[in-house]
Amino acid sequence: MRMLPRIDPTQTIAWKQLTQHAERLKTERIESLFDSTARRARQFSARVGDIHFDYSKNLLDEEARAALFDLVDHCQLSQAIASMRAGEAINDTEQRAVLHTALRIPKHEVPTDVAARERHENIHQVLGRMQDFSERLRSGQWKGYTGKSMTDVVNIGIGGSDLGPLMACEALSPYAGPIRLHFVSNIDGAHLSRTLGRLNPETTFFLVASKTFTTQETMTNAHSARKWLLEAAHDQAHVALHFAALSTQSDLVEAFGIPESQMFAFWDWVGGRFSLWSAIGLSVCIAVGFNRFMEMLQGAYAIDQHFYHAPPSENVPVLMALLGIWNTNFLGCATEAVLPYDQCLSRFPAYLQQAVMESNGKYLNRSGAPISYATSPVVWGEPGTNGQHAFYQLIHQGTQVVPCDFILPARSQYPLGDHHPKLVSHCFAQSQALMRGKPTDVALGELIDAGMAPDRAHSLAPYRTFPGNRPSNTIIFPILDPYHLGALVALYEHKIFVQGVIWNIFSFDQWGVELGKQLAGHILKDLTSGVASDQQDPSTAELLRIYSQFQVNSDSR
(Lines give C-alpha, C1' and ligand atoms only; values in the text may rest on other atoms or scores of the structure.)
Protein backbone atom coordinates (compact mmCIF):
# COMPACT_ATOMS: atom_id res chain seq x y z
CA MET A 1 0.00 0.00 0.00
CA ARG A 2 1.40 3.39 -0.99
CA MET A 3 1.00 6.24 1.47
CA LEU A 4 2.28 9.79 1.59
CA PRO A 5 5.99 10.00 2.37
CA ARG A 6 6.97 11.39 5.77
CA ILE A 7 10.07 13.39 4.98
CA ASP A 8 11.21 16.43 6.92
CA PRO A 9 12.08 18.81 4.07
CA THR A 10 14.55 20.73 6.21
CA GLN A 11 16.73 17.61 6.45
CA THR A 12 17.13 17.28 2.69
CA ILE A 13 20.23 18.42 0.84
CA ALA A 14 18.00 20.55 -1.42
CA TRP A 15 16.61 22.54 1.55
CA LYS A 16 20.10 23.32 2.78
CA GLN A 17 21.15 24.38 -0.71
CA LEU A 18 18.09 26.58 -1.04
CA THR A 19 18.91 28.29 2.24
CA GLN A 20 22.33 29.15 0.82
CA HIS A 21 20.86 30.34 -2.48
CA ALA A 22 18.40 32.59 -0.65
CA GLU A 23 21.20 34.18 1.32
CA ARG A 24 23.17 34.75 -1.87
CA LEU A 25 20.23 36.23 -3.80
CA LYS A 26 19.15 38.63 -1.05
CA THR A 27 21.77 41.07 -2.35
CA GLU A 28 20.49 40.75 -5.94
CA ARG A 29 17.74 42.62 -7.70
CA ILE A 30 15.17 40.91 -9.89
CA GLU A 31 15.85 43.36 -12.71
CA SER A 32 19.53 42.42 -12.75
CA LEU A 33 18.61 38.78 -13.31
CA PHE A 34 17.17 39.78 -16.69
CA ASP A 35 20.57 41.26 -17.60
CA SER A 36 22.38 38.01 -16.79
CA THR A 37 19.85 35.81 -18.63
CA ALA A 38 18.99 37.22 -22.04
CA ARG A 39 15.86 35.12 -22.57
CA ARG A 40 14.75 35.09 -18.93
CA ALA A 41 11.14 36.06 -19.69
CA ARG A 42 10.78 32.91 -21.78
CA GLN A 43 13.02 30.64 -19.73
CA PHE A 44 11.16 31.53 -16.54
CA SER A 45 7.67 30.92 -17.89
CA ALA A 46 5.62 27.85 -18.77
CA ARG A 47 2.51 26.92 -20.72
CA VAL A 48 -0.32 24.51 -20.20
CA GLY A 49 -2.55 24.61 -23.24
CA ASP A 50 -3.28 28.28 -23.88
CA ILE A 51 -2.62 29.35 -20.30
CA HIS A 52 0.67 31.22 -19.89
CA PHE A 53 2.40 31.33 -16.52
CA ASP A 54 5.14 33.96 -16.18
CA TYR A 55 7.31 33.74 -13.09
CA SER A 56 10.29 35.71 -14.35
CA LYS A 57 9.64 38.53 -11.85
CA ASN A 58 10.81 36.45 -8.90
CA LEU A 59 14.09 36.69 -7.01
CA LEU A 60 15.11 33.32 -8.39
CA ASP A 61 17.93 32.27 -10.68
CA GLU A 62 18.71 29.02 -12.51
CA GLU A 63 20.75 27.54 -9.65
CA ALA A 64 18.04 28.15 -7.06
CA ARG A 65 15.38 26.84 -9.44
CA ALA A 66 17.38 23.64 -9.96
CA ALA A 67 17.53 23.17 -6.18
CA LEU A 68 13.74 23.57 -6.00
CA PHE A 69 13.39 20.78 -8.56
CA ASP A 70 15.72 18.66 -6.42
CA LEU A 71 13.44 19.35 -3.45
CA VAL A 72 10.54 17.84 -5.41
CA ASP A 73 12.53 14.64 -5.88
CA HIS A 74 13.78 14.51 -2.30
CA CYS A 75 10.23 14.86 -0.96
CA GLN A 76 8.99 12.11 -3.31
CA LEU A 77 6.24 14.09 -5.01
CA SER A 78 5.76 11.51 -7.76
CA GLN A 79 5.05 8.82 -5.15
CA ALA A 80 2.57 11.11 -3.42
CA ILE A 81 0.73 11.75 -6.70
CA ALA A 82 0.59 8.00 -7.35
CA SER A 83 -0.90 7.43 -3.88
CA MET A 84 -3.57 10.05 -4.43
CA ARG A 85 -4.51 8.72 -7.89
CA ALA A 86 -4.66 5.14 -6.59
CA GLY A 87 -7.26 6.10 -4.00
CA GLU A 88 -5.05 5.50 -0.99
CA ALA A 89 -6.29 7.05 2.27
CA ILE A 90 -3.87 9.97 2.09
CA ASN A 91 -6.25 11.94 4.32
CA ASP A 92 -4.74 9.85 7.09
CA THR A 93 -6.34 11.44 10.16
CA GLU A 94 -9.81 10.76 8.74
CA GLN A 95 -8.80 7.58 6.87
CA ARG A 96 -10.20 8.87 3.59
CA ALA A 97 -9.05 8.89 0.01
CA VAL A 98 -8.70 12.21 -1.82
CA LEU A 99 -10.26 11.78 -5.25
CA HIS A 100 -11.90 15.04 -6.30
CA THR A 101 -9.91 14.71 -9.53
CA ALA A 102 -11.94 11.57 -10.32
CA LEU A 103 -15.02 13.81 -10.62
CA ARG A 104 -13.47 15.39 -13.72
CA ILE A 105 -12.66 12.24 -15.70
CA PRO A 106 -14.74 12.25 -18.92
CA LYS A 107 -17.43 9.60 -19.26
CA HIS A 108 -15.68 7.85 -22.13
CA GLU A 109 -12.42 7.50 -20.13
CA VAL A 110 -13.53 4.34 -18.30
CA PRO A 111 -10.94 3.13 -15.77
CA THR A 112 -9.74 -0.48 -15.98
CA ASP A 113 -9.54 -0.99 -12.20
CA VAL A 114 -12.79 -2.50 -10.88
CA ALA A 115 -13.19 -0.13 -7.92
CA ALA A 116 -12.30 2.91 -10.04
CA ARG A 117 -14.73 1.82 -12.74
CA GLU A 118 -17.57 1.52 -10.21
CA ARG A 119 -16.69 4.94 -8.80
CA HIS A 120 -16.65 6.37 -12.34
CA GLU A 121 -20.12 4.95 -13.05
CA ASN A 122 -21.51 6.41 -9.81
CA ILE A 123 -20.06 9.82 -10.61
CA HIS A 124 -21.62 9.95 -14.04
CA GLN A 125 -24.92 8.64 -12.75
CA VAL A 126 -25.09 11.62 -10.39
CA LEU A 127 -24.01 13.95 -13.20
CA GLY A 128 -26.86 12.59 -15.34
CA ARG A 129 -29.35 13.33 -12.55
CA MET A 130 -27.87 16.82 -12.14
CA GLN A 131 -28.35 17.43 -15.87
CA ASP A 132 -31.98 16.29 -15.82
CA PHE A 133 -32.85 18.29 -12.71
CA SER A 134 -31.10 21.50 -13.74
CA GLU A 135 -32.68 21.41 -17.19
CA ARG A 136 -36.15 20.97 -15.72
CA LEU A 137 -35.63 24.02 -13.53
CA ARG A 138 -34.09 26.13 -16.28
CA SER A 139 -36.77 25.22 -18.82
CA GLY A 140 -39.65 26.05 -16.47
CA GLN A 141 -40.93 22.46 -16.38
CA TRP A 142 -40.47 22.29 -12.62
CA LYS A 143 -43.50 23.86 -10.93
CA GLY A 144 -43.97 25.15 -7.42
CA TYR A 145 -46.97 24.75 -5.13
CA THR A 146 -49.08 27.24 -7.12
CA GLY A 147 -48.11 25.80 -10.50
CA LYS A 148 -45.63 28.55 -11.33
CA SER A 149 -42.15 27.94 -12.67
CA MET A 150 -39.08 28.78 -10.61
CA THR A 151 -37.39 32.14 -11.10
CA ASP A 152 -34.89 32.02 -8.21
CA VAL A 153 -32.71 29.38 -6.58
CA VAL A 154 -31.13 29.85 -3.16
CA ASN A 155 -28.08 27.73 -2.34
CA ILE A 156 -27.83 27.25 1.43
CA GLY A 157 -24.40 26.04 2.51
CA ILE A 158 -21.21 27.17 4.13
CA GLY A 159 -17.48 26.79 3.51
CA GLY A 160 -16.82 24.70 0.41
CA SER A 161 -20.56 24.23 -0.10
CA ASP A 162 -20.85 27.97 -0.58
CA LEU A 163 -17.53 29.52 -1.60
CA GLY A 164 -16.91 27.27 -4.61
CA PRO A 165 -20.29 27.50 -6.32
CA LEU A 166 -20.67 31.18 -5.41
CA MET A 167 -17.29 31.96 -6.94
CA ALA A 168 -18.08 29.94 -10.07
CA CYS A 169 -21.52 31.47 -10.59
CA GLU A 170 -20.05 34.94 -10.26
CA ALA A 171 -17.14 34.11 -12.57
CA LEU A 172 -19.48 32.69 -15.21
CA SER A 173 -22.16 35.36 -14.87
CA PRO A 174 -21.86 36.26 -18.59
CA TYR A 175 -23.36 32.81 -19.26
CA ALA A 176 -26.20 33.14 -16.73
CA GLY A 177 -29.55 31.77 -17.83
CA PRO A 178 -33.16 32.39 -16.81
CA ILE A 179 -32.78 31.41 -13.14
CA ARG A 180 -31.36 33.91 -10.65
CA LEU A 181 -28.97 32.34 -8.15
CA HIS A 182 -28.58 33.47 -4.54
CA PHE A 183 -26.20 32.16 -1.87
CA VAL A 184 -26.80 32.12 1.87
CA SER A 185 -24.08 30.94 4.23
CA ASN A 186 -23.87 33.08 7.34
CA ILE A 187 -25.87 32.01 10.38
CA ASP A 188 -26.46 35.71 11.01
CA GLY A 189 -30.17 36.12 10.33
CA ALA A 190 -29.45 39.17 8.21
CA HIS A 191 -28.06 37.03 5.41
CA LEU A 192 -31.14 34.86 4.97
CA SER A 193 -33.67 37.58 5.81
CA ARG A 194 -32.26 40.04 3.29
CA THR A 195 -32.16 37.36 0.61
CA LEU A 196 -35.71 36.13 1.20
CA GLY A 197 -36.99 39.69 1.38
CA ARG A 198 -36.41 40.00 -2.36
CA LEU A 199 -38.03 36.68 -3.29
CA ASN A 200 -41.46 35.15 -3.88
CA PRO A 201 -42.05 31.79 -2.17
CA GLU A 202 -44.17 30.62 -5.10
CA THR A 203 -41.19 30.80 -7.47
CA THR A 204 -38.22 30.13 -5.17
CA PHE A 205 -36.32 26.86 -4.93
CA PHE A 206 -33.74 25.92 -2.27
CA LEU A 207 -30.65 23.75 -2.45
CA VAL A 208 -29.51 22.62 0.99
CA ALA A 209 -25.83 21.70 0.74
CA SER A 210 -24.56 19.70 3.69
CA LYS A 211 -22.85 16.32 3.44
CA THR A 212 -24.00 15.29 6.93
CA PHE A 213 -27.21 17.35 6.89
CA THR A 214 -26.23 18.44 10.40
CA THR A 215 -24.00 21.47 9.77
CA GLN A 216 -25.35 23.98 12.29
CA GLU A 217 -25.16 27.10 10.14
CA THR A 218 -26.60 25.43 7.06
CA MET A 219 -29.41 23.58 8.82
CA THR A 220 -30.41 26.64 10.88
CA ASN A 221 -30.79 28.59 7.65
CA ALA A 222 -32.54 25.66 5.94
CA HIS A 223 -35.15 25.31 8.70
CA SER A 224 -35.81 29.06 8.63
CA ALA A 225 -36.18 28.92 4.84
CA ARG A 226 -38.64 26.03 5.15
CA LYS A 227 -40.63 27.99 7.74
CA TRP A 228 -40.70 30.99 5.36
CA LEU A 229 -42.02 28.78 2.57
CA LEU A 230 -44.69 27.12 4.73
CA GLU A 231 -45.96 30.45 6.01
CA ALA A 232 -47.10 30.97 2.42
CA ALA A 233 -47.68 27.39 1.25
CA HIS A 234 -49.40 26.08 4.45
CA ASP A 235 -48.79 22.43 3.55
CA GLN A 236 -45.77 20.36 4.56
CA ALA A 237 -46.08 18.35 1.35
CA HIS A 238 -45.15 21.45 -0.64
CA VAL A 239 -41.62 21.39 0.79
CA ALA A 240 -40.80 18.68 -1.77
CA LEU A 241 -41.67 21.08 -4.60
CA HIS A 242 -39.24 23.74 -3.40
CA PHE A 243 -36.26 21.94 -1.85
CA ALA A 244 -33.48 19.61 -2.91
CA ALA A 245 -30.55 18.31 -0.88
CA LEU A 246 -26.87 17.95 -1.69
CA SER A 247 -26.08 15.38 0.95
CA THR A 248 -25.37 11.75 1.81
CA GLN A 249 -27.84 11.35 4.70
CA SER A 250 -31.10 10.17 3.14
CA ASP A 251 -32.88 9.62 6.48
CA LEU A 252 -32.28 13.21 7.65
CA VAL A 253 -33.09 14.56 4.20
CA GLU A 254 -36.44 12.75 4.12
CA ALA A 255 -37.25 13.85 7.68
CA PHE A 256 -36.79 17.42 6.52
CA GLY A 257 -39.42 16.86 3.82
CA ILE A 258 -37.21 16.28 0.80
CA PRO A 259 -37.74 12.99 -1.09
CA GLU A 260 -34.66 10.86 -1.72
CA SER A 261 -35.19 11.36 -5.46
CA GLN A 262 -34.19 15.00 -4.86
CA MET A 263 -31.05 14.16 -2.93
CA PHE A 264 -27.83 14.46 -4.90
CA ALA A 265 -25.05 12.48 -3.28
CA PHE A 266 -21.32 12.93 -3.14
CA TRP A 267 -18.74 10.89 -1.32
CA ASP A 268 -16.43 11.02 1.69
CA TRP A 269 -13.43 11.17 -0.65
CA VAL A 270 -14.62 14.62 -1.78
CA GLY A 271 -13.37 17.27 0.62
CA GLY A 272 -15.65 20.26 1.08
CA ARG A 273 -13.25 22.85 -0.32
CA PHE A 274 -12.62 20.61 -3.35
CA SER A 275 -16.29 19.75 -3.94
CA LEU A 276 -17.16 22.25 -6.67
CA TRP A 277 -16.93 19.44 -9.24
CA SER A 278 -19.49 17.25 -7.42
CA ALA A 279 -23.20 17.63 -6.70
CA ILE A 280 -22.20 20.79 -4.80
CA GLY A 281 -21.87 22.29 -8.29
CA LEU A 282 -25.60 21.81 -8.98
CA SER A 283 -26.17 25.53 -8.46
CA VAL A 284 -23.61 26.19 -11.21
CA CYS A 285 -25.48 23.81 -13.54
CA ILE A 286 -28.68 25.70 -12.84
CA ALA A 287 -27.02 29.08 -13.32
CA VAL A 288 -25.15 28.48 -16.58
CA GLY A 289 -26.44 25.16 -17.89
CA PHE A 290 -25.14 21.62 -17.57
CA ASN A 291 -23.04 21.70 -20.74
CA ARG A 292 -21.08 24.67 -19.49
CA PHE A 293 -20.62 23.00 -16.13
CA MET A 294 -19.12 20.04 -18.01
CA GLU A 295 -16.82 22.44 -19.89
CA MET A 296 -15.55 23.60 -16.51
CA LEU A 297 -14.78 19.99 -15.60
CA GLN A 298 -13.01 19.53 -18.94
CA GLY A 299 -10.73 22.47 -18.20
CA ALA A 300 -9.85 20.99 -14.81
CA TYR A 301 -9.26 17.55 -16.36
CA ALA A 302 -6.80 19.04 -18.84
CA ILE A 303 -4.81 20.48 -15.93
CA ASP A 304 -4.96 17.12 -14.13
CA GLN A 305 -3.34 15.41 -17.10
CA HIS A 306 -0.69 18.12 -17.36
CA PHE A 307 0.03 17.81 -13.62
CA TYR A 308 0.37 14.04 -13.79
CA HIS A 309 2.64 13.91 -16.81
CA ALA A 310 4.63 17.15 -17.26
CA PRO A 311 8.15 17.26 -15.76
CA PRO A 312 8.62 19.73 -12.87
CA SER A 313 10.44 22.25 -15.09
CA GLU A 314 7.33 22.53 -17.29
CA ASN A 315 4.64 21.66 -14.76
CA VAL A 316 2.70 24.83 -13.99
CA PRO A 317 1.09 23.81 -10.66
CA VAL A 318 4.41 22.40 -9.47
CA LEU A 319 6.15 25.65 -10.41
CA MET A 320 3.45 27.65 -8.62
CA ALA A 321 3.91 25.54 -5.51
CA LEU A 322 7.70 25.77 -5.55
CA LEU A 323 7.64 29.54 -5.97
CA GLY A 324 5.34 29.77 -2.97
CA ILE A 325 7.70 27.62 -0.92
CA TRP A 326 10.70 29.67 -2.08
CA ASN A 327 9.06 32.95 -1.08
CA THR A 328 7.56 31.62 2.16
CA ASN A 329 10.34 29.45 3.57
CA PHE A 330 13.49 30.98 2.15
CA LEU A 331 12.67 34.66 1.58
CA GLY A 332 10.46 35.00 4.65
CA CYS A 333 7.21 36.18 3.04
CA ALA A 334 4.21 35.57 5.30
CA THR A 335 1.39 36.40 2.89
CA GLU A 336 0.37 36.02 -0.76
CA ALA A 337 -1.96 38.33 -2.67
CA VAL A 338 -4.22 36.98 -5.42
CA LEU A 339 -5.12 39.82 -7.76
CA PRO A 340 -7.53 38.94 -10.57
CA TYR A 341 -7.90 41.61 -13.22
CA ASP A 342 -11.45 40.60 -14.05
CA GLN A 343 -14.42 41.71 -11.99
CA CYS A 344 -16.11 38.36 -12.57
CA LEU A 345 -13.34 36.78 -10.47
CA SER A 346 -14.16 39.02 -7.51
CA ARG A 347 -14.84 36.01 -5.27
CA PHE A 348 -11.80 34.02 -6.38
CA PRO A 349 -9.47 35.31 -3.63
CA ALA A 350 -12.05 34.42 -0.96
CA TYR A 351 -12.43 30.96 -2.49
CA LEU A 352 -8.66 30.46 -2.37
CA GLN A 353 -8.48 31.66 1.22
CA GLN A 354 -10.35 28.55 2.30
CA ALA A 355 -8.74 26.22 -0.22
CA VAL A 356 -5.20 27.22 0.78
CA MET A 357 -5.39 28.08 4.47
CA GLU A 358 -7.79 25.34 5.53
CA SER A 359 -5.61 22.84 3.68
CA ASN A 360 -2.11 23.87 4.66
CA GLY A 361 -2.57 25.93 7.81
CA LYS A 362 -1.15 23.10 9.94
CA TYR A 363 1.51 22.98 12.68
CA LEU A 364 2.02 19.22 12.93
CA ASN A 365 3.80 17.09 10.35
CA ARG A 366 2.61 13.73 9.07
CA SER A 367 4.31 11.99 11.98
CA GLY A 368 2.45 14.16 14.51
CA ALA A 369 5.48 16.25 15.49
CA PRO A 370 5.50 20.08 15.67
CA ILE A 371 6.84 21.82 12.57
CA SER A 372 9.76 24.23 12.82
CA TYR A 373 9.17 26.00 9.49
CA ALA A 374 6.38 28.09 7.98
CA THR A 375 3.55 26.34 6.16
CA SER A 376 0.60 28.16 4.61
CA PRO A 377 0.95 31.88 3.96
CA VAL A 378 -2.02 34.15 4.60
CA VAL A 379 -3.89 34.46 1.30
CA TRP A 380 -5.88 37.58 0.44
CA GLY A 381 -6.73 39.86 -2.44
CA GLU A 382 -9.26 41.82 -4.44
CA PRO A 383 -9.88 42.43 -8.13
CA GLY A 384 -7.81 45.02 -9.94
CA THR A 385 -8.11 47.91 -10.23
CA ASN A 386 -10.08 48.26 -6.98
CA GLY A 387 -7.18 46.94 -4.92
CA GLN A 388 -4.86 49.56 -6.40
CA HIS A 389 -6.83 52.22 -4.54
CA ALA A 390 -6.85 50.22 -1.31
CA PHE A 391 -3.98 47.96 -0.22
CA TYR A 392 -1.45 48.30 -3.03
CA GLN A 393 0.18 51.04 -0.94
CA LEU A 394 1.33 48.33 1.44
CA ILE A 395 2.40 46.03 -1.39
CA HIS A 396 4.60 48.72 -2.93
CA GLN A 397 5.96 50.61 0.09
CA GLY A 398 5.04 48.57 3.16
CA THR A 399 7.52 46.86 5.46
CA GLN A 400 6.29 43.41 4.40
CA VAL A 401 7.12 41.84 1.06
CA VAL A 402 3.95 40.37 -0.45
CA PRO A 403 4.33 38.01 -3.43
CA CYS A 404 1.47 38.59 -5.87
CA ASP A 405 -0.36 36.49 -8.43
CA PHE A 406 -1.77 38.67 -11.21
CA ILE A 407 -4.54 36.85 -13.10
CA LEU A 408 -5.59 38.26 -16.46
CA PRO A 409 -7.92 37.16 -19.26
CA ALA A 410 -6.66 38.63 -22.55
CA ARG A 411 -10.22 39.29 -23.72
CA SER A 412 -13.13 40.67 -21.76
CA GLN A 413 -16.60 39.15 -21.61
CA TYR A 414 -17.83 42.74 -21.49
CA PRO A 415 -16.03 44.65 -24.25
CA LEU A 416 -16.83 48.29 -23.58
CA GLY A 417 -14.86 51.01 -25.34
CA ASP A 418 -11.25 51.06 -24.17
CA HIS A 419 -12.00 49.66 -20.70
CA HIS A 420 -10.15 46.40 -21.17
CA PRO A 421 -6.91 47.81 -22.63
CA LYS A 422 -6.78 50.22 -19.70
CA LEU A 423 -7.34 47.32 -17.29
CA VAL A 424 -4.56 45.32 -18.94
CA SER A 425 -2.18 48.29 -18.82
CA HIS A 426 -2.76 48.59 -15.08
CA CYS A 427 -2.14 44.88 -14.54
CA PHE A 428 1.18 44.88 -16.38
CA ALA A 429 2.20 48.21 -14.83
CA GLN A 430 1.67 46.95 -11.28
CA SER A 431 3.89 43.89 -11.66
CA GLN A 432 6.49 46.05 -13.42
CA ALA A 433 6.38 48.62 -10.61
CA LEU A 434 6.72 45.93 -7.95
CA MET A 435 9.85 44.64 -9.66
CA ARG A 436 11.49 47.91 -10.70
CA GLY A 437 10.47 50.26 -7.95
CA LYS A 438 11.74 53.84 -8.18
CA PRO A 439 15.12 54.95 -6.79
CA THR A 440 15.34 58.13 -4.74
CA ASP A 441 17.47 59.92 -7.34
CA VAL A 442 14.83 59.27 -10.01
CA ALA A 443 12.08 60.54 -7.73
CA LEU A 444 14.19 63.61 -6.95
CA GLY A 445 14.80 64.31 -10.62
CA GLU A 446 11.10 64.08 -11.42
CA LEU A 447 10.22 66.57 -8.70
CA ILE A 448 12.87 69.07 -9.80
CA ASP A 449 11.87 68.67 -13.47
CA ALA A 450 8.30 69.46 -12.38
CA GLY A 451 9.50 72.81 -11.00
CA MET A 452 9.74 72.03 -7.30
CA ALA A 453 12.32 73.92 -5.23
CA PRO A 454 15.40 71.73 -4.57
CA ASP A 455 15.07 71.84 -0.77
CA ARG A 456 11.44 70.77 -0.94
CA ALA A 457 12.24 68.13 -3.57
CA HIS A 458 14.97 66.61 -1.40
CA SER A 459 12.57 66.35 1.55
CA LEU A 460 9.80 64.74 -0.51
CA ALA A 461 11.86 62.42 -2.70
CA PRO A 462 12.17 59.63 -0.08
CA TYR A 463 8.38 59.44 0.12
CA ARG A 464 8.21 59.03 -3.67
CA THR A 465 10.79 56.22 -3.54
CA PHE A 466 9.68 52.64 -4.21
CA PRO A 467 12.04 49.85 -3.08
CA GLY A 468 10.89 47.44 -5.79
CA ASN A 469 12.45 43.97 -5.95
CA ARG A 470 9.09 42.51 -4.96
CA PRO A 471 8.09 39.20 -6.56
CA SER A 472 5.04 38.46 -8.68
CA ASN A 473 3.65 35.90 -11.09
CA THR A 474 1.29 36.58 -13.97
CA ILE A 475 -1.25 34.07 -15.27
CA ILE A 476 -2.72 35.08 -18.61
CA PHE A 477 -5.25 33.15 -20.72
CA PRO A 478 -7.58 33.99 -23.62
CA ILE A 479 -10.91 34.57 -21.88
CA LEU A 480 -12.73 33.71 -18.65
CA ASP A 481 -15.06 31.00 -19.91
CA PRO A 482 -16.12 27.76 -18.17
CA TYR A 483 -13.15 25.79 -19.53
CA HIS A 484 -10.55 28.30 -18.38
CA LEU A 485 -12.24 28.78 -15.00
CA GLY A 486 -12.03 25.03 -14.40
CA ALA A 487 -8.39 25.04 -15.44
CA LEU A 488 -7.58 28.00 -13.18
CA VAL A 489 -9.15 26.39 -10.12
CA ALA A 490 -7.39 23.07 -10.80
CA LEU A 491 -4.01 24.83 -11.07
CA TYR A 492 -4.39 26.14 -7.54
CA GLU A 493 -5.77 22.84 -6.23
CA HIS A 494 -2.66 21.00 -7.39
CA LYS A 495 -0.44 23.79 -6.09
CA ILE A 496 -1.98 23.22 -2.64
CA PHE A 497 -1.35 19.48 -2.88
CA VAL A 498 2.29 19.86 -3.90
CA GLN A 499 3.00 22.30 -1.09
CA GLY A 500 1.38 19.98 1.44
CA VAL A 501 3.54 17.10 0.25
CA ILE A 502 6.75 19.12 0.54
CA TRP A 503 5.78 20.63 3.90
CA ASN A 504 5.08 17.07 5.14
CA ILE A 505 1.56 17.87 6.36
CA PHE A 506 -1.91 16.44 5.84
CA SER A 507 -3.62 18.93 3.52
CA PHE A 508 -7.05 17.33 3.39
CA ASP A 509 -8.32 17.42 6.97
CA GLN A 510 -9.43 20.53 8.85
CA TRP A 511 -9.48 19.78 12.55
CA GLY A 512 -8.79 23.44 13.24
CA VAL A 513 -12.45 24.29 12.59
CA GLU A 514 -13.77 21.82 15.17
CA LEU A 515 -12.82 23.39 18.51
CA GLY A 516 -14.80 26.59 17.91
CA LYS A 517 -17.85 24.52 16.97
CA GLN A 518 -17.61 22.49 20.18
CA LEU A 519 -17.23 25.55 22.38
CA ALA A 520 -20.08 27.34 20.60
CA GLY A 521 -22.40 24.52 21.66
CA HIS A 522 -21.50 25.00 25.33
CA ILE A 523 -21.84 28.77 25.07
CA LEU A 524 -25.23 28.47 23.37
CA LYS A 525 -26.50 26.49 26.37
CA ASP A 526 -25.31 29.25 28.68
CA LEU A 527 -26.95 31.89 26.49
CA THR A 528 -30.22 29.96 26.65
CA SER A 529 -30.08 29.51 30.42
CA GLY A 530 -28.84 33.03 31.04
CA VAL A 531 -26.13 31.77 33.42
CA ALA A 532 -22.47 31.22 32.62
CA SER A 533 -21.38 27.71 33.58
CA ASP A 534 -18.27 26.97 35.62
CA GLN A 535 -16.43 25.77 32.53
CA GLN A 536 -16.32 29.26 31.03
CA ASP A 537 -13.14 31.26 31.44
CA PRO A 538 -13.49 34.62 33.27
CA SER A 539 -13.33 36.67 30.07
CA THR A 540 -16.07 34.69 28.31
CA ALA A 541 -18.20 34.62 31.47
CA GLU A 542 -17.97 38.42 31.64
CA LEU A 543 -18.87 38.73 27.95
CA LEU A 544 -21.92 36.54 28.55
CA ARG A 545 -22.93 38.80 31.46
CA ILE A 546 -22.53 41.95 29.35
CA TYR A 547 -24.47 40.38 26.49
CA SER A 548 -27.36 39.44 28.80
CA GLN A 549 -27.32 42.94 30.22
CA PHE A 550 -27.56 44.46 26.76
CA GLN A 551 -30.42 42.09 25.92
CA VAL A 552 -32.38 43.18 28.99
CA ASN A 553 -31.74 46.85 28.29
CA SER A 554 -32.82 46.42 24.68
CA ASP A 555 -36.05 44.70 25.70
CA SER A 556 -36.89 47.50 28.13
CA ARG A 557 -36.77 50.24 25.50
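Here are three short exercises on the structure above, each with a worked solution.

The model is predicted, so local features need pLDDT of at least 70 and side-chain atom pairs pLDDT 80 or more, while totals for chains, interfaces and linings use all residues. Residues count from 1 along each chain as its sequence is written, and side-chain values use heavy atoms, without hydrogens and water.

**Exercise 1.** Work out whether strand E3 (residues 152-156) is enclosed or not.

Solution. Strands (E, at least two residues) and helices (H or I, at least four) are DSSP runs numbered from the N terminus. Buried means under 20% relative accessible area, with a 1.4 Å probe and protein chains only. Asp152, Val154 and Ile156 point one way, Val153 and Asn155 the other, and all are buried. With five of five residues buried, E3 is therefore largely enclosed by the rest of the structure.

**Exercise 2.** Find the strands that pair with E3.

Solution. Strands pair if DSSP finds at least two bridges between them. E4 (residues 180-184) runs parallel to E3 over five bridges, with valine 184 as the partner of isoleucine 156. E5 (residues 204-209) is also parallel to E3, through five bridges; here valine 154 stands opposite phenylalanine 206.

**Exercise 3.** Classify the ring pair of phenylalanine 348 and tyrosine 492.

Solution. Rings of Phe, Tyr and Trp (its six-membered ring) pair if their centres lie within 6.5 Å; planes under 30 degrees apart are stacked, over 60 edge-to-face, the rest tilted. This rule gives 23 aromatic pairs. Here the centres are 5.6 Å apart and the planes at 75 degrees, so the pair is edge-to-face. The pair links helix H15 (residues 348-360) to helix H20 (residues 482-503), 144 residues apart.

How values were computed
Buried means under 20% relative accessible area, exposed over 50%, partly exposed in between (1.4 Å probe, protein chains only).
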